[in-house]
Amino acid sequence: MKACINYISSRSRCIKRSLQSLWDNYNKDYNYPVYVYYFDDIYDSEVFRNEVRLQVSENIHFVSVPYKTPSFLKEEELYYNRLDINYVRRSFSIQRKGYLHMCNFTSNMYGYPNTHFHKYDCVMTHDDESGYTRPLAVDPFEIMSSRPEVMGAFFVGQRLKNGAPHQGHYDTRLGLWEFARNFLLTNNITPASPQLQELLESPTAERDFHLLEWCDTYVIKTEMFKSDLWKKWIAAVNENGGIYKYRWGDNEIITLFAYIYDGNIFDLGLVEDETLDQGMFRHMQDIAPSIKDIQR
Ligand SMILES: Nc1nc2c(ncn2[C@@H]2O[C@H](COP(=O)(O)OP(=O)(O)OP(=O)(O)O)[C@@H](O)[C@H]2O)c(=O)[nH]1
Ligand SMILES: [Mg+2]
């Protein structure tokens, strides 16, 4: 399988450490190409790029990607302007607009301008504040190549607080179940996952869909993105504008689709067994820096 590893990154203080950790614990044995996508010019510097290539590997490619808020959305509809939402008031001002562009990028990665995903059979995503606590015993790409699931993830599960979803979950999935339900019903689609099938019948689905096993840090066979169903799904997501209006995360968009399309997501278990520490370099830079042009 032709495979690559991808970051979307703005934590310039973390990225080198994260790449080093990735190499030391995993990629030194495989040398998969690594792409670091970013907005604006933050990693344009040849001096910086050379330093990373010299210290870590030649096989790291920095690629700037464009961003733009869809023109059909009004400014007052954008997530950071929804001051009736607790999470927005607490921690999502216009200063974090870049996060919305990041969610849009990752959800739309396949076919996104200036990217290289289409050249690969399988892609792995990675956050720039993550690192490894020990060498990987196995290669996630190798595992996925022998698995029937179209997608695996380093983490698949529930992140509950006292048995219930966090307020943050509710506040970042507004309208999402209604959207997914309408998508399935209007297109006459029976989702592959029995859990989703049950939710479609359930009067308490609006609450219960939070209990799905959501995933992150994915290993995705790109055949998923080539399917007609994906094209339909992502077009509907984009047309809805929920990424920009409600901060729907790529986790949600991609997890839900995998359950619709395939039914199962293979759990690589690498977060649960603490091989991947998703916050390893977070002390160096906490909230990911945003974009330069908040008008865009
Ligand atoms: N270029 C760019 N990357 C971003 C932006 N916001 C987030 N990212 C990147 O997207 C990845 C995920 O963002 P995080 O801020 O870690 O968000 P998260 O993992 O969903 O949430 P946490 O649980 O807070 O870690 C990281 O690699 C970030 O650097 C942004 O505004 N611009
Ligand atoms: Mg993160």
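## The second largest pocket

In this predicted model, helix H11 (228-240) and helix H12 (242-246) each put at least two residues into the lining of the second largest pocket. The space in there comes to about 210 Å³. There are 14 lining residues, and those closest to the centre of the pocket are Lys-68, Thr-69, Pro-70, Asn-104 and Tyr-244.

What's the lining like by class? Count nine nonpolar residues, four polar ones and one charged.

## H11 against H7

H11 also packs against helix H7 (residues 176-186): the two axes come within 11 Å and cross at roughly 135 degrees. Angles over 145 degrees would count as roughly antiparallel, so at that crossing angle H7 ends up oblique to H11. The crossing itself is right-handed.

On the H7 side, the contact comes from Phe-179, Ala-180 and Phe-183. H11 answers with Leu-229, Lys-232, Trp-233, Ala-236, Val-237 and Asn-240. Sort the residues of this contact by class and you get seven nonpolar, one polar and one charged.

## H11 against H13

Next up is H13, which packs on H11 at an angle of about 145 degrees, with the axes 11 Å apart. Here, too, the helices make a right-handed crossing.

From H11, the residues involved are Leu-229, Trp-230, Trp-233, Ile-234 and Val-237. They meet Ile-253, Ile-254, Leu-256, Phe-257, Ile-260 and Tyr-261 of H13. How do these residues divide by class? Eleven are nonpolar, with no polar and no charged residues in the contact.

Put the two H11 contacts side by side and some names come up again: Leu-229, Trp-233 and Val-237 are among the H11 residues that touch H7, and they are also among those that meet H13.

## H13 against H4

H13 (residues 250-261) has another partner in helix H4 (residues 97-107), with axes that come within 8 Å and cross at roughly 25 degrees. Angles under 35 degrees count as roughly parallel, which means H4 gets that label relative to H13. H4 passes H13 in a right-handed crossing.

Which residues meet here? Met-102, Cys-103, Thr-106 and Ser-107 are the H4 contributors, and Asp-250, Ile-253 and Ile-254 are their counterparts in H13. By class, that contact splits into four nonpolar, two polar and one charged.

Ile-253 and Ile-254 are worth a second look: they face H4 residues in this contact, and they also meet residues of H11. As for H4, its range of 97-107 takes in Asn-104, one of the residues closest to the centre of the second largest pocket.

Definitions and conventions
Residues numbered from 1 in each chain as written. Chains lettered and ligands numbered in written order. Predicted model: local features only at pLDDT ≥ 70, side-chain atom pairs only at ≥ 80, totals over all residues. Heavy atoms only, no water. 1 Å grid on protein atoms, 1.4 Å probe; cavity = no way out; pocket = protein on both sides within 12 Å on 5 of 7 lines; lining within 4 Å. Points joined across faces, edges and corners; volume = space filled by probe spheres on them. Helix = DSSP H or I, 4+ residues; strand = E, 2+ residues; numbered from the N terminus. Nonpolar A, V, L, I, M, F, W, Y, C, P; charged D, E, K, R; others polar. Axes fitted to C-alpha atoms, helices over the stretch in contact; angles between N-to-C directions. Parallel < 35°, antiparallel > 145°, perpendicular 65-115°, else oblique. Left-handed = near helix turned anticlockwise from the far one by under 90°. Contact = heavy atoms within 4.5 Å.
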